[in-house]
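Please look over the structure shown here, with an eye to how one chain is laid out and where nonpolar residues gather. A short briefing follows.

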Amino acid sequence: MTIQLPEYPKSNGPAAAQRLARHREKAAEARAALAAELVKLDAQAAETLQAWDQRDNTRDRLTALGREQSEQEKRDRR
Amino acid sequence: MTKRNINDSRILARQQQYGNREQERAAIEAVDDFIFDKVRFVENMTVESAHRFIDESHAPLTEAESLTAELRELRRDLDYPDRITPHEAGKRYPTLLARVEETQKKLGRVEQESTWLEAKAADPYAHYVAMTDKYNGILRPDLP
């Protein structure tokens with residue numbers, strides 16, 4: 001025969017458990033928000049780096065073209 | 001005196017022979033009250049630890065909020081590459097990344113600690129039974 005024991009009358013434990021659950025959820029949300037923002041930043045950084053590389057390449061090429069042009073002009077004058 | 005499992009002790013009190021119903025009721029109540037008082041003490045300590053822990057572990061959440069804003073600000077600056085130099089971006093990014101990693105670790109620890117305390121606070125009786133079973137002979141009470 002199974003004896004049913006009366007349950008312990010809980011006091012303020014469950015309320016504290018609820019507060020802890022909210023605290024845990026807030027920490028999880030903050031961690032997820034940080035991770036999500038970092039992903040967005042990385043994507044933007046990749047795009048910007050590409051733009052900077054492209055800008056540098058363009059400048060290098062234009063500078064080289066300008067240099068070639070002036071040398072050609074010097075040669076033409078001679 | 002034999003130190004029994006708490007539930008076994010409560011069952012044993014109910015299986016004893018008593019002179020009359022009043023003696024039986026009083027004996028069972030004495031055992032239950034004795035155990036419930038012990039559980040209540042542990043419950044109160046757990047609740048106190050829980051509130052203290054919550055109050056003392058807000059810093060990583062505040063840091064995460066400010067970091068999220070700083071990450072967003074750097075992203076906006078990078079969206080207009082004339083606003084920021086590659087040198088400045090190269091200085092700001094690794095510093096932010098290191099802070100993000102550190103804060104994420106701290107937040108993970110807050111989650112773990114909260115989960116651990118939450119289980120104890122939600123069911124103080126189960127926590128007390130588990131604790132006295134684990135430390136048999138040290139914590140298990142000598143029943144009246």
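Of the 144 residues of chain B, 21% count as buried, where buried means that 20 or more other C-beta atoms, placed from the backbone, lie within 10 Å of the residue's own. This is a predicted model, in which local features need pLDDT of at least 70 and side-chain atom pairs count only at pLDDT 80 or more, while totals for chains, interfaces and linings use all residues. Residues are numbered from 1 along each chain as its sequence is written, and chains are lettered from A and ligands numbered from 1 in the order in which they are written.

**Chain B overall**
- Chain B has 5 helices and 0 strands, taken as DSSP runs (helices H or I, at least four residues; strands E, at least two) numbered from the N terminus.
- The C-alpha trace of chain B spans about 95 × 25 × 20 Å along its principal axes.

**Nonpolar cores**
- The largest nonpolar core (buried Ala, Val, Leu, Ile, Met, Phe, Trp, Tyr and Cys residues joined through C-beta atoms within 7 Å) has 12 residues, among them Ala27(A), Leu41(A), Leu78(B) and Val110(B).
- Helix H1 (13-77) of chain A and, in chain B, helices H3 (59-79) and H4 (86-122) each supply at least two residues of this core, and H3(B) gives the largest share, 5 residues.
- A second, separate core of 8 residues includes Ala17(A), Leu20(A), Val47(B) and Ala121(B).

**Contacts**
- Leaving out residues up to four places away in sequence, Leu78(B) touches Gln44(A), Ala45(A), Thr48(A), Ile84(B) and Ala89(B), a contact being two C-beta atoms, placed from the backbone, within 7 Å.
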